[in-house]
Number of protein chains: 4
Amino acid sequence: SKQLVLIAGPCAIEDEALTLRIAEGLKEITTSLGCELIFKASYDKANRTSVTSFRGLGVDRGLRVLERVSNEFELPIISDVHDVSQMDAAAAVLDVLQIPAFLSRQTDLLVAAGQTGKPINLKKGQFLAPWDIQHGVSKIASTGNENILLTERGVSFGYNNLVVDMRSLVIMREMGYPVVFDATHSVQLPGGAGGSSSGQRQYVGALSRAAAATGIDGLFWEVHEDPDHALCDGANSLPLKQVKALLQQILEFDAAFKQGGQGDISDD
Amino acid sequence: SKQLVLIAGPCAIEDEALTLRIAEGLKEITTSLGCELIFKASYDKANRTSVTSFRGLGVDRGLRVLERVSNEFELPIISDVHDVSQMDAAAAVLDVLQIPAFLSRQTDLLVAAGQTGKPINLKKGQFLAPWDIQHGVSKIASTGNENILLTERGVSFGYNNLVVDMRSLVIMREMGYPVVFDATHSVQLPGGAGGSSSGQRQYVGALSRAAAATGIDGLFWEVHEDPDHALCDGANSLPLKQVKALLQQILEFDAAFKQGGQGDISDD
Amino acid sequence: SKQLVLIAGPCAIEDEALTLRIAEGLKEITTSLGCELIFKASYDKANRTSVTSFRGLGVDRGLRVLERVSNEFELPIISDVHDVSQMDAAAAVLDVLQIPAFLSRQTDLLVAAGQTGKPINLKKGQFLAPWDIQHGVSKIASTGNENILLTERGVSFGYNNLVVDMRSLVIMREMGYPVVFDATHSVQLPGGAGGSSSGQRQYVGALSRAAAATGIDGLFWEVHEDPDHALCDGANSLPLKQVKALLQQILEFDAAFKQGGQGDISDD
Amino acid sequence: SKQLVLIAGPCAIEDEALTLRIAEGLKEITTSLGCELIFKASYDKANRTSVTSFRGLGVDRGLRVLERVSNEFELPIISDVHDVSQMDAAAAVLDVLQIPAFLSRQTDLLVAAGQTGKPINLKKGQFLAPWDIQHGVSKIASTGNENILLTERGVSFGYNNLVVDMRSLVIMREMGYPVVFDATHSVQLPGGAGGSSSGQRQYVGALSRAAAATGIDGLFWEVHEDPDHALCDGANSLPLKQVKALLQQILEFDAAFKQGGQGDISDD
């Protein structure tokens with residue numbers, strides 16, 4: 001029943017200066033609203049739709065930028081790890097290691113992440129039923145690491161579309177782990193723009209409110225200064241200057257949920 | 001931006017006394033919370049899973065019971081009409097005529113409903129995209145009747161399951177008509193209990209909160225004194241004695257949405 | 001293990017002369033290939049996407065045209081019945097009564113159809129699991145009429161799309177009733193053309209072959225002289241002049257299935 | 001229009017002797033039927049549902065067993081590669097490298113596979129539209145390697161279920177690459193058995209016939225001496241002693257498709 005944490009940042013580290021400016025802007029907003037922030041940016045986008053898509057700065061340069069964000073703004077950092085070989089380097093810099101949704105069944109990756117002892121954010125695959133994330137949890141927990149977050153990011157619904165089943169937030173919370181709602185990836189239209197995924201930024205507000213009212217522990221947003229010119233996921237990213245108003249509203253729904261009790265139907 | 005209206009009552013008119021008691025209970029609750037109520041009960045369940053399922057009292061006796069509810073508790077009444085031949089009798093008693101979701105494309109039924117001049121609640125078929133409800137709207141509006149409500153009640157998601165796509169509430173509201181969220185039918189598992197539909201009452205609270213936070217004009221709940229022994233839709237109906245606490249909570253989310261402004265992402 | 005029956009004809013009875021020409025063309029083709037034919041055309045399209053769509057000639061004129069086809073070409077006739085009030089008039093002319101997919105759960109319609117004593121073709125709703133068609137079968141069979149055919153016509157798959165689950169043909173055949181595959185409605189894209197459904201004629205051949213190889217008792221095709229100018233379902237209708245070559249091929253797959261034994265995996 | 005190739009073998013290399021016996025059995029069957037065979041077994045199952053599931057013998061021992069199958073029975077060998085670090089060792093032994101469906105968007109893996117110069121079998125992810133596999137193809141082809149096969153293995157359909165959209169076989173063949181239908185993974189029920197995926201072996205015959213009639217270049221079956229006691233994917237594996245009768249039947253449908261011409265609907 002703690003206030004939700006915002007996990008936010010640009011999809012990819014496009015360059016150092018831009019990444020620092022977005023981190024600074026998010027830090028100001030969340031500080032003014034009294035909301036905890038974890039900064040997220042990817043150093044490598046390993047599963048872009050097209051082979052010619054921008055992928056980021058790579059492991060070494062990318063982790064250096066994230067380290068600078070961490071030091072300069074005193075922010076915890078999360079980023080996704082796609083390969084066992086990068087786990088140690090990533091764990092040395094990151095505060096939370098994130099498992100990409102497509103890789104949520106890759107046993108070696110989950111076990112390697114668990115073995116770092118760091119908190120792990122496990123994203124539920126677009127092909128997984130909410131109750132089946134339990135098996136991914138068990139893979140991580142087999143290392144003795146129970147510090148696990150679970151993220152909903154939409155489930156396959158026909159072709160080139162995802163749907164958010166709000167029941168999944170309830171089901172995953174009942175497993176006893178903090179649940180994050182990734183609003184900006186949930187409005188992606190996979191492959192919907194031909195050579196890249198399209199997105200529906202206009203529904204991020206509605207789905208974020210809905211998730212906060214359902215009950216979540218964290219909310220994830222991709223944020224960019226100029227989403228229409230972002231090198232990655234621009235169609236579903238939020239413009240930095242609109243974050244404050246939207247977050248303020250979401251926090252009201254979060255408070256209403258957490259103060260009011262759930263009022264869910266019981267069996268007495 | 002008016003407070004949401006509750007549409008509630010038992011799935012079917014099982015008998016007159018029970019129906020009156022549920023109406024009385026709902027009237028007390030909504031009066032105490034300052035919430036508008038429309039009473040709903042079906043006089044005939046024409047599309048139950050099984051031929052041996054209970055169907056209700058039939059048109060004549062059923063409408064008489066609804067008329068008594070209307071007179072005794074001064075409540076507006078809504079019920080579903082499955083056949084053109086019943087339209088006039090139904091329109092003489094009911095304040096709102098409801099088009100069942102499976103029948104949402106039946107042109108004659110929609111036109112006949114429109115021609116009564118009464119408000120029409122058009123339920124979106126489980127097989128329809130939210131933008132396609134526009135064609136049903138046009139069928140009704142072709143009669144000159146623009147007094148139309150649109151209801152979301154879940155969309156087919158694989159076999160024996162429905163999912164609520166909260167984006168549909170936004171899409172249908174942008175068409176300019178009031179939007180109702182039917183929470184109790186949205187948690188049905190069609191055919192999930194063999195000879196009848198099963199349901200997941202435990203998610204009604206979460207989905208109702210989510211819909212209120214997304215933005216709705218009406219909320220629909222099936223309510224029964226003793227859902228586990230109801231003759232119809234018991235598995236997804238709410239127990240009467242739990243309605244007040246849950247509704248109170250939902251109204252807070254509704255107020256938060258309507259006072260706060262939507263805060264949705266704009267294109268400036 | 002009898003050869004499959006072709007059910008074919010134009011979507012709607014546009015006019016008498018055209019309908020007779022299509023019937024004559026289909027009769028010639030099926031006679032030359034030794035394939036049984038049931039002629040199908042709708043006298044009223046009661047659930048078109050738009051209120052301004054062409055609906056057909058209506059019950060009286062439409063049934064007269066079908067009667068003329070029956071007499072002139074000695075063909076059995078099938079057509080769909082949307083309303084209990086039309087059942088007797090339809091049963092007086094038609095050899096097989098068809099229940100539209102959207103109406104496959106409407107108890108009164110199924111019972112009234114069953115009571116005519118005529119063979120009933122029950123189309124599986126786009127929202128139904130294959131095992132749940134059993135409940136519709138029981139509604140018809142409650143009248144003592146067990147002369148029932150079951151038709152697969154695709155299942156909802158996200159928005160504006162259907163998918164054919166070939167497992168459903170096996171599941172429905174195991175219920176003991178003849179199974180028809182409706183290839184041309186299965187390639188509809190519901191609502192996909194804005195004010196009407198679009199379609200993918202180019203997949204009718206592949207899906208028909210696949211269904212014949214899976215094992216079916218009947219195959220349904222909408223056929224028109226000039227599909228691109230048809231008043232109904234043109235996008236998914238087959239051109240009459242291409243029917244012979246395609247049907248000849250399908251009959252080879254049908255024969256391969258029925259002569260070869262199913263070769264399915266057993267549990268010995 | 002060449003006869004289809006059978007790709008078959010046990011899900012995992014459980015032990016050397018069993019693997020050799022299955023290879024020998026499959027070689028005899030396919031030789032007697034004049035069908036080309038590629039032997040498939042996994043040396044490591046990297047994405048089993050549960051962390052305690054059997055994974056196979058590992059890279060080194062597993063590749064040695066596959067090498068022995070290759071030498072002893074003069075069979076081409078295919079196996080799946082989950083990690084860039086295993087690519088060179090795998091390419092030294094295998095004739096075809098297979099990209100697992102969950103990993104079908106992982107750019108580095110596809111590029112590394114392409115760079116080996118070996119034929120690549122790219123499995124379409126359960127979350128991908130058929131037209132979106134083109135992006136995976138481009139990733140491989142960016143290395144200059146155009147020797148690519150595409151495999152259909154079902155697409156997500158609600159929770160714990162897959163559906164085969166036979167249109168995808170047509171769409172992928174039109175891209176100009178040979179298309180394989182993986183019948184035994186297509187009947188998996190992901191997560192359907194709690195701690196593991198369940199399966200529906202009884203539909204492998206029907207779906208394989210349907211795919212052959214639709215038009216394919218290869219057919220994939222998991223085969224085991226005793227599927228009910230297999231350490232991996234037993235519920236959807238075929239018993240070795242039933243392979244001959246089923247394959248013989250499938251080859252008839254394949255021949256009917258390839259001799260007869262497709263007979264598909266054209267636009268003239």
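Below, a biologist questions a modeller about the chain contacts and some local features of this predicted model.

Biologist: How many residues does the contact take from chain D and from chain A?
Modeller: Chain D and chain A bury about 3200 Å² between them. Carbon and sulfur atoms carry 51% of that area. The count of contact residues is 39 from chain D and 39 from chain A.

Biologist: Which residues of chain D lose the most area to chain A?
Modeller: The side of chain D that touches chain A divides into 13 nonpolar, 16 polar and 10 charged residues. Three residues of chain D together give 23% of what that side buries. They are V51(D), R105(D) and Y159(D).

Biologist: Which residue of chain A forms a salt bridge with R55(D)?
Modeller: The count between chain D and chain A is two salt bridges. Four residue pairs are in polar contact across this interface, both residues at pLDDT 80 or more. In the salt bridge of R55(D), the closest N and O atoms are 2.6 Å apart. The partner is D108(A).

Biologist: Which elements give two or more residues to the side of chain D that touches chain A?
Modeller: That side includes polar, nonpolar and charged residues. Two or more residues come from each of these elements of chain D: α4 (107-115), α5 (133-141) and β7 (155-156).

Biologist: What share of the interface residues of chain D are also interface residues in chain A?
Modeller: A turn of 180° with a shift of 0.0 Å along the axis lays chain D on chain A, at an RMSD of 0.0 Å. The copies meet through the same surface, because the share that recurs in chain A is 100%.

Biologist: What area is buried between chain C and chain A?
Modeller: The contact takes four residues from chain C and four from chain A. In chain C, F157(C), G158(C) and Y159(C) lose the most area, together 86% of what that side buries. Carbon and sulfur atoms give 75% of the total. That total is about 370 Å².

Biologist: How many salt bridges are counted between chain C and chain A?
Modeller: The side of chain C that touches chain A has two nonpolar, two polar and no charged residues. Residue pairs in polar contact across this interface, both at pLDDT 80 or more, come to zero. The salt bridge count is zero.

Biologist: In chain C, which residue has the C-alpha nearest the axis?
Modeller: A rotation of 180° with 0.0 Å of shift superposes chain C on chain A, at an RMSD of 0.0 Å. The two copies are therefore related as by a two-fold rotation axis. The C-alpha nearest that axis in chain C lies 1.9 Å from it. It belongs to G158(C).

Biologist: How many residues of helix α8 of chain C are buried?
Modeller: The buried residues run through the helix, among them V204(C), R209(C) and T214(C). Just after α8(C), G215(C) takes a positive phi of about 120°. The helix is largely enclosed by the rest of the structure, because the buried count is 11 of the 11.

Biologist: What covers the buried residues of α5(A)?
Modeller: The buried residues of this helix, 133-141, are I133(A), H135(A), G136(A), V137(A), K139(A) and I140(A). Their cover includes these elements of chain A: α4 (107-115), β5 (120-123), β6 (148-152) and α6 (167-173).

Biologist: Is L57(B) buried or exposed?
Modeller: L57(B) lies in the loop between β2 (37-40) and α2 (59-73) of chain B. L57(B) touches residues including I13(B), Y43(B) and V65(B). Its relative accessible area is 19%, and the cut-off for burial is under 20%. So L57(B) is buried.

Note on methods: Residues numbered from 1 in each chain as written. Chains lettered and ligands numbered in written order. Predicted model: local features only at pLDDT ≥ 70, side-chain atom pairs only at ≥ 80, totals over all residues. Heavy atoms only, no water. Buried < 20%, exposed > 50% of the residue type's maximum accessible area, 1.4 Å probe, protein only. Helix = DSSP H or I, 4+ residues; strand = E, 2+ residues; numbered from the N terminus. Contact = heavy atoms within 4.5 Å. Least-squares fit on C-alpha atoms with pLDDT ≥ 70 in both. Buried area = accessible area lost by both parts, 1.4 Å probe. Salt bridge = Lys/Arg side-chain N within 4 Å of Asp/Glu carboxyl O. Polar contact = N/O pair within 3.5 Å; in protein donor to acceptor, adjacent residues only side chain to side chain. Nonpolar A, V, L, I, M, F, W, Y, C, P; charged D, E, K, R; others polar. Lists of a residue's contacts leave out its neighbours within four places in sequence.
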